[in-house]
Amino acid sequence: MAGEYRYGVQSFVRSLCLGPTHALSLSSEVPETARARAVHAVFKLLPIAHRSLLQRLIKFLTRVVEHSSKNLMHADNLAIVFAPTILQYEEHIDPLKALEDQSSAQALVSLMISHYDEIFEVCWAPASPASMCSSVSHV
């Protein structure tokens, strides 16, 4: 199961990082709301088991952020810690490529934590049919 999850999430990341939504999801020049929409669109393409697990994990991390005044774990800090595990990339021979991939993964995890409601809970009106508008699960 863990291997299947990791493969599904890696495909998710590749589609964000290598597909047409890359510029929207990770570029700091684009407003965060637009990046959240791009991540939301690709998130809906994951198999339901992977969506549910990723949603629950990110929901947990948002709860950690709610206590950041005490634990000092803001979205960026959590992304540094959890991105290598959640969005593990294949081994790279080129260290610069590996660093770039890790930086993209951290930006993506931070975005998912910071914009949990927009990515996992909200239906973007012009985007998808009603069947895809509901939350994957209520955590």
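This report walks through the helices, one helix pair, the nonpolar core and one unusual backbone angle of the structure above.

Keep in mind that this is a predicted model. The chain comes to eight helices and zero strands, so to speak a run of α-α-α-α-α-α-α-α starting at the N terminus. Of the 139 residues in the chain, 42% are buried. Take the contacts between residues at least 6 apart in sequence: 62% of those join residues at least 24 apart.

**The α4/α6 pair**

Two packed helices are described by the angle between their axes and the distance between the axes. For helix α4 (residues 48-65) and helix α6 (residues 75-86), the angle is about 155 degrees and the axes sit 10 Å apart. Angles over 145 degrees count as roughly antiparallel, and α4 and α6 are therefore roughly antiparallel to each other. As for handedness, α4 passes α6 in a right-handed crossing. Here is who makes the contact:

| Helix | Residues in the contact |
|---|---|
| α4 | Leu54, Leu57, Leu61, Val64, Val65 |
| α6 | Ala75, Leu78, Phe82, Ile86 |

Sorted by class, that contact of α4 with α6 has nine nonpolar residues, with no polar and no charged ones.

**The core**

In soluble globular proteins, nonpolar side chains tend to be buried together. In this model, the largest nonpolar core has 23 residues. Those with the most contacts inside this core are Leu54, Ile58, Val109, Met112, Ile113, Ile119 and Phe120. Leu54 also turns up in the α4 side of the helix contact above.

Which helices supply the core? At least two residues each come from α3 (32-43), α4, α6, α7 (95-114) and α8 (116-121). The top contributor is α7, which gives six residues.

Val109 is worth a look of its own. Setting aside neighbours within four places in sequence, Val109 is in contact with Ala79, Ala83 and Leu87.

**An odd phi at Leu72**

Most residues other than glycine have a negative phi, and most peptide bonds are trans. Leu72 goes the other way on phi: its value is positive, near 60 degrees, in a residue other than glycine. Where does Leu72 lie? Leu72 is in the loop between α5 (68-71) and α6, so the loop leads into the helix that packs on α4.

Is Leu72 buried or exposed? The cut-off for exposed is over 50% relative accessible area, and Leu72 has 57% relative accessibility, so Leu72 counts as exposed.

Terms used
Residues numbered from 1 in each chain as written. Predicted model: local features only at pLDDT ≥ 70, side-chain atom pairs only at ≥ 80, totals over all residues. Heavy atoms only, no water. Axes fitted to C-alpha atoms, helices over the stretch in contact; angles between N-to-C directions. Helix = DSSP H or I, 4+ residues; strand = E, 2+ residues; numbered from the N terminus. Parallel < 35°, antiparallel > 145°, perpendicular 65-115°, else oblique. Left-handed = near helix turned anticlockwise from the far one by under 90°. Contact = heavy atoms within 4.5 Å. Nonpolar A, V, L, I, M, F, W, Y, C, P; charged D, E, K, R; others polar. Core = buried A, V, L, I, M, F, W, Y, C linked by side-chain atoms within 4.5 Å. Buried < 20%, exposed > 50% of the residue type's maximum accessible area, 1.4 Å probe, protein only.
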